[in-house]
Amino acid sequence: MGLSPFGTSFVCFVITVMLVLSSMQCEAQLSATFYDKSCPKALFTIRAAIGKAVSSERRMAASLLRLHFHDCFVQGCDASVLLDATSAFTSEKNAPQNLDSVRGFDVIEDVKSQVEGICSGVVSCADILAVAARDASFAVGGPSWTVKLGRRDSTSANEDRAFADIPKFTDNLDVLIETFRRKDLSERDLVALSGAHTIGQAQCSSFRDRIYNATTIDASFASTRKDTCPSTGGDTNLAAIDVVTPNYFDNNFFKNLVQKKGLLQSDQVLFSGGSTDNIVTEYSNSPKTFFSDFAAAMVKMGDIEPLTGSAGQIRKVCSAVN
């Protein structure tokens with residue numbers, strides 16, 4: 001016997017409610033208090049370890065922020081970037097945007113070991129990455145924020161997706177905007193997150209073409225950068241992206257862009273007559289606004305496709321699946 005129109009509507013209503021509740025339950029699994037009972041000393045342990053690592057090498061703050069960013073942009077914030085290659089999958093570490101440049105793996109592995117020592121099999125590598133990024137920012141004078149927790153670790157990595165999804169230093173503004181849009185991140189998020197370069201360093205190979213051939217660059221700035229980046233050779237030579245305050249998280253990165261002193265082409269395009277010029281100007285004038293927007297964008301980025309519930313696993317070591 002068929003359902004009446006009322007019965008059909010009621011069934012549809014019930015299904016809709018169940019789907020909404022299921023979605024709400026999934027989102028609720030990410031919570032700032034996720035480890036309060038299962039591993040109450042986890043956040044303290046992570047912060048102490050990150051503070052020590054950054055104190056030993058200030059550059060590590062930028063590296064940890066970048067590591068979290070490169071993780072979240074590839075199949076979500078699932079610690080896939082930390083996995084070494086196996087016979088089943090290739091490592092994201094081998095993608096051009098990561099190869100010989102993404103770092104901080106040993107720091108995260110050390111933190112994981114310490115956390116495992118106080119509560120084994122509880123805290124994911126993905127959550128450690130998210131918390132480490134926040135604590136690294138704070139350690140060099142940057143903003144802090146409440147990290148939502150409860151992510152689980154992936155059991156695979158994807159080098160091809162890393163190449164396709166992680167922004168490249170040669171990208172123009174339209175490509176950058178579209179890359180971020182695919183991750184549900186706005187133009188404002190794009191500019192704010194790019195501000196992490198205020199404490200970053202870049203390899204000569206990533207900015208050589210700009211300092212020797214670009215017309216949208218301050219001539220004196222380009223000339224001084226040639227001292228560490230010859231026209232040929234020295235590909236891995238490092239230069240601070242912000243030469244004024246390279247080890248301190250501030251808004252000077254945006255002041256540099258306004259003065260055509262962006263080291264990377266993908267940074268300078270944020271202030272090149274396009275739709276993001278006004279955001280760069282705003283951040284260059286207001287460190288408070290930049291800090292607030294950066295923190296909000298980091299939280300938003302941390303929400304990209306997390307594995308929760310029974311998905312994935314809690315890895316024993318971050319470089320390999322259990």
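Me: Which two residues, three residues apart in helix α7, are separated by about one helical turn?

Reply: They are R181 and E178, which both lie in helix α7 (residues 173-181). Helices are DSSP runs of H or I with at least four residues, strands are E runs of at least two, and both are numbered from the N terminus. This is a predicted model, in which local features need pLDDT of at least 70 and side-chain atom pairs count only at pLDDT 80 or more, while totals for chains, interfaces and linings use all residues. Residues are numbered from 1 along each chain as its sequence is written, and side-chain values use heavy atoms, with hydrogens and water left out.

Me: What do R181 and E178 form?

Reply: Side chains of opposite charge can pair when their charged atoms come close. R181 and E178 form a salt bridge, with the closest N and O atoms 2.6 Å apart. The term denotes a side-chain nitrogen of Lys or Arg within 4 Å of a carboxyl oxygen of Asp or Glu.

Me: How many salt bridges does the structure hold?

Reply: The structure holds 15 salt bridges. One of them joins D127 and R151, whose closest N and O atoms are 2.7 Å apart. This pair links distant parts of the chain, 24 residues apart: D127 is in helix α5 (residues 125-139) and R151 in the loop between α5 and α6 (159-165).

Me: Are D127 and R151 buried or exposed?

Reply: Buried means under 20% relative accessible area, exposed over 50%, and partly exposed in between (1.4 Å probe, protein chains only). Both D127 and R151 are buried. R181, at 47% relative accessibility, is partly exposed.
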